[in-house]
Amino acid sequence: MSQRAEQSLEALILQFRADTDPNRTDLLVGVYKTDEGKAYVLPSVKEAKKIIFNDPDWHHEYRPSSLGSQRYRDLSASLLFGPDHRLLREKRIVSTQTLGACGGCHVAAVMLKNHYGPWKENGNPEIFLPSETWLNHPFLFESAGIKTSFLPYFNSKTNTFDFSAFSEAIKLLPAQSVVLLQSGAQNPTGCDPSLDQWRELASIFSQRGHLALFDAAYPGFASGDIDTDLESVRLFAEQEIPLIFVSTYGKSFGLYSERVGILFILVPSEEVGKRIERHMSLLARAESGAPPDFGSKIVETVLSDDTLERQWRQEVRHMADQLKSRRITLRQRLEELETPGDWKHITDQNGMFSYVGLSDEQVTLLRNKHHVYLQDSGRISIAGLNKFNIDYTARSISAVIKATTTR
C-alpha cells in the first residue's frame, strides 16, 4: 500500500514539473518555503557554516564511531530530552546518528525485528500505526519483514483527532505491542493529542506494557517551542515506558538533503545500553559504514553555542508562526468566498500539513482543472502556501467544493 502511495507521489511531482500553467501550485512536499515561495536557509545555519569553513582543523575524514560523534549525540540528547535529565545522568538512553528520521525508523525496525523479546517469543513481528500516518511509514516496516496494522486516528466528519477511538484501540491491543506515535505536528493530519490526552495514553501504555516508537520529525513546528512539542516524549521517558525515539534536524534546521537524524533507546541499565550500542554499531557498519558528517557538524556548531542556539530557536518559532499565519489566511479566504462547510479545523490543526477535508473527486479536480497539486489523501502542505498562491488556492478549493456539492 505505502509503496504504491510513494510511487504515486513521485508521479505527481513529475506531473507538476511538466505542468506549464502559470498558476500551477505545489502543495505536495513538506518543505518550508518563505512567503515569497523561496527555499529558506536559516541564518543560524549560515553562521554555523561560516564557523566551520573558517576552522583550519575542519576536514572530511570519517567520524571515529559508526554511531556518529559523541558530541552530536550528547548535544541532541540534551536538547531533545532536556538538559540534565535523570535518565541521561544514569546513562540509560543510548543513541546513534541516523540518515534522517526515515533512516531512524528503519534502524528501529531492524533492531526490533532482531531483538524485541515479545516478537521473538511469538514469532509475529507486528507494529501498529495510526490509520493516517506518513505515507512511507508502512513501507519502512514492511520492508524489514514487519507486519503493519492500523488504528483509528482521524475523524473525517469533524476533521479532528479521534482520541476516544484511538485510545480504546490501544487498550485492546495485545500486551507489549509496538505502537508508532508522532510527537507533534502530525503528518499528514496536523492533529495532535493534547497534553492531558498524552498523559492518558502514557497510562494505557504503562498498564499494557506497550513499546512506544516516537517519530519526531517536526519539533517546534506545532507550538513554536521545541520543549513544548517534546513534552509527550519526555512524559513517556520519565514514566519509563519502553521507548524508542527517532528525530531529525531536516525540518527544524532546514537541512532536508543532509539527512541528519538521531535515534534513542531507553534501556534498563547502563550495561544493557552498552550491549545495545554494540548491536547498533554493527548495524550501522552494515548499512552505511559511517555516518555523514557535514549536517551533523552544523547541528553541533549551533547547539554548542548559546547565542546561536537561542537564535535558532527563534527561527524555528518564526517558521511555526508563519505556518499559523498561512492557516489563518487560507481559512479566512475560504469563509469570505462562502465556501460550503466549516473551516475552523484548518486553524485548529497545526504544523506543516492539513487534512482540509476534500474528496477524491475534489482532489482530482483541483489538479486537472486548477493545477493545484496535493496528495491523493487530500493532505495539503501549508508550508507550500505563500503570498503569491494562497488566494488562488483558496479560490480553487472553493470552486471545486461548490461544483461538487450543488449537483
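**Group meeting talk: a walk through the model**

Okay, let's start with a pair of strands: strand 8, residues 211–216, runs parallel to strand 9, and the two are joined over five bridges. Keep in mind that this is a predicted model. If you want one spot to look at, Leu 243 in strand 9 is the bridge partner of Ala 212.

Strand 9 also pairs with strand 10, residues 260–266, but here the sense is antiparallel, again over five bridges. On that side, find Val 246, which stands opposite Leu 263 in strand 10.

So is strand 9 covered on one face or on both? Both: Leu 243, Phe 245 and Ser 247 are buried on one side, and Ile 244, Val 246 and Thr 248 are buried on the other. That's six out of six residues buried for strand 9, residues 243–248.

Next up, helix 14, which covers residues 306–336. How far apart should the ends of its 31 residues be? At 1.5 Å a residue we'd expect a span of 45 Å, and the end C-alpha atoms are indeed 45 Å apart, so the two values agree. At the N-terminal end, Asp 305 acts as a cap, with a side-chain oxygen 3.0 Å from the backbone nitrogen of Thr 307. Along the helix there's a set of buried residues, including Leu 308, Trp 312, Val 316, Leu 323 and Leu 330. Some charged residues are on that buried list too, among them Glu 309, Glu 315, Arg 326 and Arg 327. Just past the helix, have a look at Glu 338, which takes a positive phi of about 55°.

Now, cysteines. How many disulfides turn up in the whole structure? Zero. Take Cys 102: the nearest cysteine sulfur belongs to Cys 105, and that's 6.9 Å away. A disulfide would need the sulfurs within 2.5 Å, so at 6.9 Å Cys 105 and Cys 102 are too far apart for a bond. Their surroundings are worth a glance as well: Cys 102 is partly exposed, at 23% relative accessible area, while Cys 105 is buried, at 0%.

Last stop, Asn 389. You'll find Asn 389 in the loop between strand 13, residues 379–381, and helix 17, residues 390–405. With 11% relative accessibility, Asn 389 counts as buried because the cut-off is under 20%. Leaving out its close sequence neighbours, up to four places away, Asn 389 touches Thr 25 and Gly 384.

And for the wider view, an unreviewed UniProt entry annotates residues 25–397 as "domain: Aminotransferase class I/classII large". That stretch is 46% helix and 15% strand, and its end C-alpha atoms lie 12 Å apart.

Technical notes. Residues are numbered from 1 along each chain as its sequence is written. This is a predicted model: local features need pLDDT of at least 70, side-chain atom pairs count only at pLDDT 80 or more; totals for chains, interfaces and linings use all residues. Side-chain values use heavy atoms; hydrogens and water are left out. Helices (H or I, at least four residues) and strands (E, at least two) are DSSP runs, numbered from the N terminus. Buried means under 20% relative accessible area, exposed over 50%, partly exposed in between (1.4 Å probe, protein chains only). Contact means heavy atoms within 4.5 Å. UniProt positions are given in the numbering used here, feature names are shortened, and annotations may be inferred rather than shown by experiment. The expected span of a helix is 1.5 Å times one less than its number of residues. A polar contact is a pair of N or O atoms within 3.5 Å; within protein, one must be able to donate a hydrogen and the other to accept it, and residues adjacent in sequence count only if both atoms are side-chain atoms. Two strands pair if DSSP finds at least two bridges between them.
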